[in-house]
Amino acid sequence: METTERQHYWLPVPDRTGFTWHRHAFRGKYWDGRPSDTSVCGKPCAMAKPSELDWFQAPTCPDCTELLITEQSGTGNTEQPRTASPEQPDTGSAEGEQ
Ligand SMILES: [Zn+2]
């Protein structure tokens with residue numbers, strides 16, 4: 001069973017110094033070109049289109065990895081997707097009985 005709700009993608013982003021890059025995970029299906037976002041580990045990141053070298057050199061953020069693993073293993077937890085049950089309107093059966 002795969003939950004499509006919790007999709008994430010990885011993107012190398014520079015940290016505030018701009019010298020070191022890390023590959024953070026972000027919520028969503030893919031990077032849509034936004035200039036910044038908050039990573040799974042809670043860091044506000046400035047995003048830019050990474051080069052192949054960035055992908056190659058940026059180490060994967062251990063915090064993001066840990067959080068995603070925790071989420072995956074935390075099954076049976078609170079978040080259960082509600083099955084959309086159509087609302088049943090009161091058909092007036094209780095009306096006029098008294
Ligand atoms: Zn991270």
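**Exercise 1.** Work out whether helix H2 lies largely in the open or is mostly buried, starting from the number of its residues that are buried.

*Solution.* Of the 12 residues of H2, the number buried is one, so this helix lies largely in the open. The structure examined here is a predicted model, and in it H2 covers residues 62–73. From its first C-alpha to its last the helix reaches 16 Å, which is close to the 16 Å expected at 1.5 Å a residue.

**Exercise 2.** Take Cys 64 and Glu 66, which are both found in helix H2, and decide for each whether it is buried or exposed.

*Solution.* Begin with Cys 64, which has 21 C-beta neighbours inside 10 Å. The cut-off for a buried residue is 20 or more, and Cys 64 therefore counts as buried. Turn next to Glu 66, which has 12 such neighbours inside 10 Å. Because a residue with 12 or fewer is classed as exposed, Glu 66 counts as exposed.

**Exercise 3.** Find which residues Cys 64 and Val 40 are in contact with, leaving aside neighbours within four places in sequence.

*Solution.* For Cys 64, the contacts are His 24, Ala 25, Ser 39, Val 40 and Cys 41. For Val 40, the list includes Cys 64 itself, together with His 24, Ala 25 and Phe 26. As a further step, consider distances between C-alpha atoms: Cys 64 and Arg 23 are 41 residues apart in sequence and 8.9 Å apart in space, while Glu 66 and Val 40, 26 residues apart along the chain, are separated by 9.8 Å.

**Exercise 4.** Name the residues of the largest nonpolar core, and state which strand gives the most to it.

*Solution.* The core has eight residues, namely Trp 10, Leu 11, Val 13, Phe 26, Val 40, Cys 45, Cys 61 and Cys 64. Strand E1, which spans residues 8–14, gives the most to this core, with three residues.

**Exercise 5.** Describe how strand E1 is joined to strand E2, and place the pair in the overall pattern of the protein.

*Solution.* E1 and E2 (residues 21–27) run antiparallel and are joined by seven bridges, and the bridge partner of Trp 10 in E2 is Ala 25. Six residues stand between the strands of this hairpin, in which Gly 18 takes a positive phi near 85°. The protein has two helices and four strands, and along the sequence these follow the pattern β-β-β-β-α-α. Finally, buried residues make up 12% of the 98 residues in the protein.

Methods: Residues are numbered from 1 along each chain as its sequence is written. This is a predicted model: local features need pLDDT of at least 70, side-chain atom pairs count only at pLDDT 80 or more; totals for chains, interfaces and linings use all residues. A nonpolar core is a set of buried Ala, Val, Leu, Ile, Met, Phe, Trp, Tyr and Cys residues joined through C-beta atoms within 7 Å. Two residues are in contact if their C-beta atoms, placed from the backbone, lie within 7 Å. The expected span of a helix is 1.5 Å times one less than its number of residues. Two strands pair if DSSP finds at least two bridges between them.
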